[in-house]
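I opened my notebook to record what I looked up in this structure, entry by entry.

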Amino acid sequence: MYKRQIPDSELAASLIERVALATVLQQSEVLLVRRLVERLPVTTIYNRPQLTLAYGMTLALSYQFDAIDALLTQAAPALNRLDLSSDVAAGLTVLYATIARFRGDMLRALTLSQAAMQQLPLTALVLRAATALNMGAAYLQQGDRASAQRWLADTITLGSAGGAEYLVLAAFEELATDQAWQGQLIEVKQTSEQALSRGSRLGNSRLPAAGMAHIGLGEVLYEWNRLGSATENLTQGIQLLQGTTEIGMLLRGYSALARCQWAAGEQAMALTTLQQAEHWVTQTPIAAAGAYD
């Protein structure tokens, strides 16, 4: 699991922990941060609550639940210190809520998210956005679309103010996926285009998470038999999402692209696309369990 260690581990840990959580939540560079942290000695991670928080978030977003349990157990002495900063304590509550959501325990996710909103200062825009995203996604899973839409709108507002483009795009993706389930294809197209327009406006059109919007848009265009535009969006979405932890969206992209190619009479290319998807799944360092929900 752990790679060759960085020579000056304490200096490296100090530098990494300053930017790790922001790099994950703002830029969607989950695997990059995870690789960097895993080059540090395990004791260094366990003794630094801020680093534990950031690393735990990468593991949650990678569906590595056994690894999260082991991390939190080993780091417990540092996490339970009386002098633990309130910012880190609140961040850990957000992490626990995120873990609960990805494990399918929506009631616990909502309870912890409500607690996090009480703990977090109003200025903690990024973590408040992450909490609002947990709330929105959990309410969607419970079938409460009105509450979900309110919290996802809050995610977009808070994430925009805090520069957390990953969270903003994730909120748009949750909205678009729900619209797709309702058969609202025009709304899916509008939501996906709004997300992409936002990224282009801010110069973040190449942000990995922008691939989610390309996939959603490509799926709609396929349904409307606009195969050329669909193929273009799906291809771009797949390229952006490779190297991220968005396994569900990436597999949706591969599947839709193969359907486009098959419909266009390119059966051999469609089979190649499915083989590429299979290869990616076998090579990716992301746990498959729960990743397809």
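**Entry 1: two helices in contact**

I looked up where H1 meets H11 and found Val24, Leu25, Gln26 and Gln27 in H1 against Glu165, Tyr166 and Leu167 in H11, where contact means heavy atoms within 4.5 Å and helices are DSSP runs (H or I, at least four residues) numbered from the N terminus. By class, this contact has 4 nonpolar, 2 polar and 1 charged residues, with Ala, Val, Leu, Ile, Met, Phe, Trp, Tyr, Cys and Pro counted as nonpolar, Asp, Glu, Lys and Arg as charged, and the others, Gly among them, as polar.

I noted that this is a predicted model, in which local features need pLDDT of at least 70 and side-chain atom pairs count only at pLDDT 80 or more, while totals for chains, interfaces and linings use all residues. Residues are numbered from 1 along each chain as its sequence is written, and side-chain values use heavy atoms, with hydrogens and water left out.

**Entry 2: the core**

I then looked up the largest nonpolar core, a set of buried (under 20% relative accessible area, 1.4 Å probe, protein chains only) Ala, Val, Leu, Ile, Met, Phe, Trp, Tyr and Cys residues joined through side-chain atoms within 4.5 Å. This core has 91 residues, and those with the most contacts inside it are Leu25, Met57, Leu95 and Leu167. Helix H9 (residues 125-141) gives the most to this core, namely 10 residues.

I followed Leu167 further: leaving aside residues up to four places away in sequence, Leu167 touches Leu25, Val126, Ala129, Ala130, Leu133 and Thr155.

Definitions and conventions
Buried means under 20% relative accessible area, exposed over 50%, partly exposed in between (1.4 Å probe, protein chains only).
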